[in-house]
Amino acid sequence: MPDSMVRVLDIAIGGLLTGGIYALIAMGLSLQYGVARVLNIAHGEFIMLGAFTTFTLYTVFGINPLLTLAMIGPVVFAVGFLLHRTMFTRLRVMAPNQDVYTANSMLATFGLLFIIQNLAGLGWGANLRAYSFMASGINIFGAIFAANRLVSLGFAIGIGLAFYIFLVRTRMGKAIRAAAQDPETAGLMGVNINRVLAVCFGLGAVMAALAGTLLSMRIPITTTMGMNYTIIAIIVVVLGGLGSIPGSFIGGFILGIIGTIVNYIEPSLSMAAYYFIFMLLLLVRPKGIFGK
Amino acid sequence: MDMSFFKSRRLWVLWLALIILVGLATLPLYGSLYMTILMTAILMYIILTVSWVIFSGPTGYLSLASAAFFGIGIYTSAILLPNTGSAFPVLVVVIIAGALSFVVAVLVGALTLRLRGIYFAIFTFGLVELVKQVLIFFEINVTGTRGRFIMLVDTHVIYFIMLGIFVVLLLTAYFIRNSKFGLALRSIGENEEAAAHSGVNVTMVKVITFGISAVFMGAAGATIAMRWTYIDPYIAFNSLFSFLPVLMAIFGGLGQFYGPVIGAAIFAYLEETLLTKFPYYYMLIFGCVLVGTMLFMPFGFTGLIQKGWRRLIGGQHADA
């Protein structure tokens, strides 16, 4: 195959691989922000916690990261669920209206970010950490990718699909979709709104932690890594449309591909490009591409 | 309650303010050098907080752009006051920084103030990061530098400039609050559409106030940069400076004029004393206080004191 074709393939598949993680992270935030109305600035910290837990379990106890993936879910779900039940429910009850709640809960998650990040800093230190897992290369039509990146893409898509089926097929899924449209009315229709919102927050945290586990297989991690992913997640959620879960899944892939292209042209500008797209989008179409 | 009470109370407040001001102005005469430096930092945080409150308090628009205007001020100082070669007069640089922040704020405001609610907050937050990233790119690829050094300026001069900005800011805040303009601002916060129908030029009032609040942030940035002497994009455009004013204002309480001032003073003092000794713990405490404030003191420190006071005197001023 000619060189330029390999390069295009390199960018396309590379974009999908990055996008898979973005999609997972954004879907988590979409549940927390789009449905539960908590703009979770600490979202990235759950990613960081997932990554460091995986790192410690693998390097100290020799536990396979793919096994961690299965173990971490219920624990993080419980943490997220309880957090919403205690902290955010209180804030929601106290706030006179929706806007005040959105602002107050965002500031509270900012505090949460500092608590988690600095506890992690005390525990794990400030250094870059990395381990090697499934790092052998796989050749796709001449473009070479590490096996762990392909595995993480597979899991990201798998988790996304499983969650979609959960949303469409189960009663809880239906309740979540109803709450995403209108929490007040959903409550009047007999949905236990406090429980549904807490479940959404918990599931969002699980997705962040799982994304962290997948990320730790392929990149070096630090305790301050969370913020960038939070910002990416916010951008994707706005891109995909507030409350639209498929929108944030697709938006993740779009941003992944854009990021890879910019990264190919000028690596130091990729974060700036994200912000630029994001601010342009907010000005032109604040409802997002898939928003109603 | 008769009017003479209000008159005497207002007079009393004015006297108190004057005494505090004289105390601050003569601080270098009786205080140590450390006291002056500490007060400079506290004044800086008060300026950031009160100027944030000028706009976000009455309108309810949660602005996270403070760090952008603060950073513009810092960079103005860095470019106009290099540690080598000729330099502008210090005061001129501070005024230029304020003017520059005003222009940027008006431009950004005109573009973004039609965004409602949380979108405005996200946008302004993104603005800080965008400026930071572009500046980093610019420094690496165009100027080939990393960071800048700033001319050494006398500690007392820095202190007096900061105090000057503080006084002008308080006067501005007072006049805005007690004028027709302030009334228009509050009406926007209550109900923007109703305000527009009552003949308030909504966009104009919002944009101008956003600009005015940015002037003081820029000026404070330019002044504190002279004390920091070394800056780079990460220091100048640290998004912490967007969140700190919000926290300090809410911690102090937005209901009262002096609430944000007290909140900022307490926090700035804690930061200056704790940060050097226990950096990790300081940020940890900061997080806990933020969460605790949101959960248990939604009306802030002054709100808490008023509540306690009301309880003490038996609900006499129940709706004060």
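Two residues are taken to be in contact here when their C-beta atoms, placed from the backbone, lie within 7 Å. Read in this way, and bearing in mind that the model is a predicted one, I25(A) is in contact with I47(A), M207(A), A208(A), A211(A), Y229(A), I232(A) and A233(A), once its neighbours within four places in sequence are left aside.

I25(A) also belongs to a wider assembly, since it is named, together with I47(B) and A220(B), among the residues with the most contacts inside the largest nonpolar core, a core that comprises 180 residues. Helix α8 of chain A, which spans residues 193–218, supplies the largest share of this core, namely 17 residues. Apart from this core lies another one, of 6 residues, whose members include I188(B), A195(B), V200(B) and V202(B).

I188(B) leads to a second helix numbered α8, this one in chain B and covering residues 180–190, where A184(B), L185(B) and I188(B) are buried. These three residues cover an arc of only 100° around the axis, and therefore they lie on the same side of α8(B). K180(B) and E190(B), by contrast, are on the other side of α8(B), where they are exposed. The partners of the buried residues of α8(B) are three helices of chain B, against which they pack: α3 (33–59), α9 (192–197) and α10 (202–228).

The description now turns to the meeting of the two chains, in which 29 residues of chain B are in contact with 33 residues of chain A. On the chain B side, the elements that give two or more residues are α6 (118–143), α12 (240–252) and α14 (279–296), and α6(B) provides the largest share, with 12 residues. In composition, this side of chain B divides into 24 nonpolar residues, 4 polar residues and 1 charged residue.

What does α6(B) meet across the interface? Helix α11 of chain A, residues 270–284, packs with α6(B) at an angle of about 145°, and the axes of the two helices are 9 Å apart. The crossing of α11(A) and α6(B) is left-handed. From α11(A), the residues M271(A), A272(A), Y275(A), F276(A), F278(A), M279(A) and L282(A) take part, and they meet Y119(B), F123(B), G126(B), E129(B), L130(B), Q133(B), V134(B) and F137(B) in α6(B). Taken over both helices, the residues of this contact divide into 12 nonpolar, 2 polar and 1 charged.

Some individual residues deserve a separate look, beginning with backbone angles. Most residues other than glycine have a negative phi. R37(A), although it is not a glycine, has a positive phi of about 60°, and it is placed in the loop between α1 (3–35) and α2 (43–61) of chain A. R37(A) counts as buried because it has 22 C-beta neighbours inside 10 Å, where 20 or more are required. T229(B), likewise a residue other than glycine, has a positive phi near 60°, and its place is in the loop between α10 and β2 (230–231) of chain B. With 14 other C-beta atoms within 10 Å, T229(B) is partly exposed.

A99(B), finally, sits in helix α5 of chain B, residues 90–112, and is partly exposed, with 14 other C-beta atoms within 10 Å. A99(B) and G73(B) are separated by 26 residues in sequence, while in space they are 9.4 Å apart, C-alpha to C-alpha.

Methods
Residues are numbered from 1 along each chain as its sequence is written. Chains are lettered from A and ligands numbered from 1 in the order in which they are written. This is a predicted model: local features need pLDDT of at least 70, side-chain atom pairs count only at pLDDT 80 or more; totals for chains, interfaces and linings use all residues. Helices (H or I, at least four residues) and strands (E, at least two) are DSSP runs, numbered from the N terminus. Ala, Val, Leu, Ile, Met, Phe, Trp, Tyr, Cys and Pro count as nonpolar, Asp, Glu, Lys and Arg as charged, and the others, Gly among them, as polar. A nonpolar core is a set of buried Ala, Val, Leu, Ile, Met, Phe, Trp, Tyr and Cys residues joined through C-beta atoms within 7 Å. A residue is buried if 20 or more other C-beta atoms lie within 10 Å of its own, exposed if 12 or fewer, and partly exposed in between; C-beta atoms are placed from the backbone. The arc is that of the directions from the helix axis to the C-beta atoms. Axes are lines fitted to C-alpha atoms, for helices over the stretch in contact, and angles run from 0 to 180 degrees between N-to-C directions. A crossing is left-handed if the near helix is turned anticlockwise from the far one by less than a right angle, and right-handed if clockwise.
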